Every structure is written in structure tokens, then in C-alpha cells.
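Reader: I would like a close look at one part of this model, with its surroundings. Please take a single side chain as the starting point and work outward from there.

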Amino acid sequence: MGVVIIDGSTVRDFVNDEALFKKSVDETFSKLDLNNDGVLSRSELRKAFETLRLIETHFGVDVATPPEELSNLYNSIFDKFDCDRSGTVDLEEYRSELKMILLAIADGLGSSPIQMALEDDDQGFIKQAADLEASKLSQQPSSAGP
């Protein structure tokens with residue numbers, strides 16, 4: 001487990017790195033597309049969000065959430081992603097919505113740095129954003145004098 005310090009610019013830089021962002025989102029989409037049909041069904045997207053346990057924990061402590069409340073939450077998330085109301089989420093819809101979500105996170109963070117504890121094997125978007133920032137910092141020339 002490692003601790004990273006990020007702010008809005010960390011997340012925004014990741015989203016603005018078009019090649020890295022596209023590669024990351026496309027890989028995630030492929031993992032979620034369990035039947036490899038090129039679109040995400042309601043159940044495929046729900047499985048992905050269930051792993052995040054959006055409202056089922058409060059500061060790491062399990063909370064009893066009525067099943068209908070969970071269904072309503074996951075249905076509303078799916079509806080937000082399904083921009084063309086086709087009943088499935090294609091790669092472009094997925095990419096577009098994730099971009100908006102991550103930019104909203106960046107706006108919310110602003111310039112206030114926060115610490116996040118992340119698993120070393122975490123390949124989520126925030127971890128990738130932190131890794132991108134770390135790689136940029138490691139490439140900067142040292143300003144230390146003789």
C-alpha cells in the first residue's frame with residue numbers, strides 16, 4: 001500500500017493526456033465487457049459499480065442499504081452513461097462519461113492537495129493519474145546546486 005498526494009491538476013493532467021486516458025479507459029471497458037460484444041449491458045456496468053460499494057460502506061464500516069435503493073442508484077448511473085438511450089453503453093459513451101466524472105473530481109479537488117492510500121496493484125484512474133504525475137516529477141532536472 002502506498003500513499004499519494006493529489007490535487008485537481010493531477011486528475012486533470014491524466015484526462016488531458018489523450019493517449020494515456022484513452023488507453024486506460026479502453027482497457028477498463030474491455031474488462032467490464034464480459035461477453036465481448038463491444039457494449040456494456042446494465043448488468044455488466046452494475047457489476048463494475050457494485051465492486052466500488054458506493055453507498056454500502058461508511059468510512060469502511062458496512063451499512064445496510066435496502067436492495068431497492070441500490071437498484072435505483074445503479075439504474076440511475078446506467079441511465080447517465082447510456083446517453084443515446086439504446087439500452088447499452090458503448091465505448092464512446094463510457095469514455096465521455098468517465099471524462100466528465102474525472103473532470104468533476106478534479107474541479108472538486110481544486111488546488112487543495114489530499115492524501116490517498118492506494119493498494120500497490122491498484123490500476124484505477126486515480127492511481128494512474130498519480131503515477132503520471134510521479135513520472136513527470138522524476139523526469140524534471142534537479143535544481144540542487146553544487
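Author: Start with F14. In this predicted model, the residues in contact with F14, apart from neighbours within four places in sequence, are L20, F21, S24, L102, F125, Q128, A129 and L132. F14 also belongs to the largest nonpolar core, which has 30 residues. Within that core, the residues with the most contacts are F14, L45, F81, Y94 and L102. L102 therefore appears both in this group and among the contacts of F14. The elements that give two or more residues to the core are β1, α1, α2 (18-32), α3 (42-52), α4 (67-81), α5 (91-109) and α6 (125-139). As a general point, nonpolar side chains in soluble globular proteins tend to be buried together. 

Next comes D7, in the loop between β1 (2-6) and α1 (8-16). D7 is buried but has no salt bridge. The nearest side chain of opposite charge belongs to R12, 7.0 Å away, and a salt bridge needs the charged atoms within 4 Å. The side chain of D7 does make a polar contact of 2.6 Å with the side chain of S9. Beyond its neighbours within four places in sequence, D7 is in contact with L109, G110, S111, S112 and P113.

A last residue to consider is S71, in helix α4. S71 counts as partly exposed because its relative accessibility is 24%. Between S71 and R46 the C-alpha to C-alpha distance is 8.9 Å, with 25 residues separating them in sequence.

Methods: Residues numbered from 1 in each chain as written. Predicted model: local features only at pLDDT ≥ 70, side-chain atom pairs only at ≥ 80, totals over all residues. Heavy atoms only, no water. Helix = DSSP H or I, 4+ residues; strand = E, 2+ residues; numbered from the N terminus. Buried < 20%, exposed > 50% of the residue type's maximum accessible area, 1.4 Å probe, protein only. Lys, Arg positive; Asp, Glu negative; His and termini not counted. Polar contact = N/O pair within 3.5 Å; in protein donor to acceptor, adjacent residues only side chain to side chain. Contact = heavy atoms within 4.5 Å. Core = buried A, V, L, I, M, F, W, Y, C linked by side-chain atoms within 4.5 Å.
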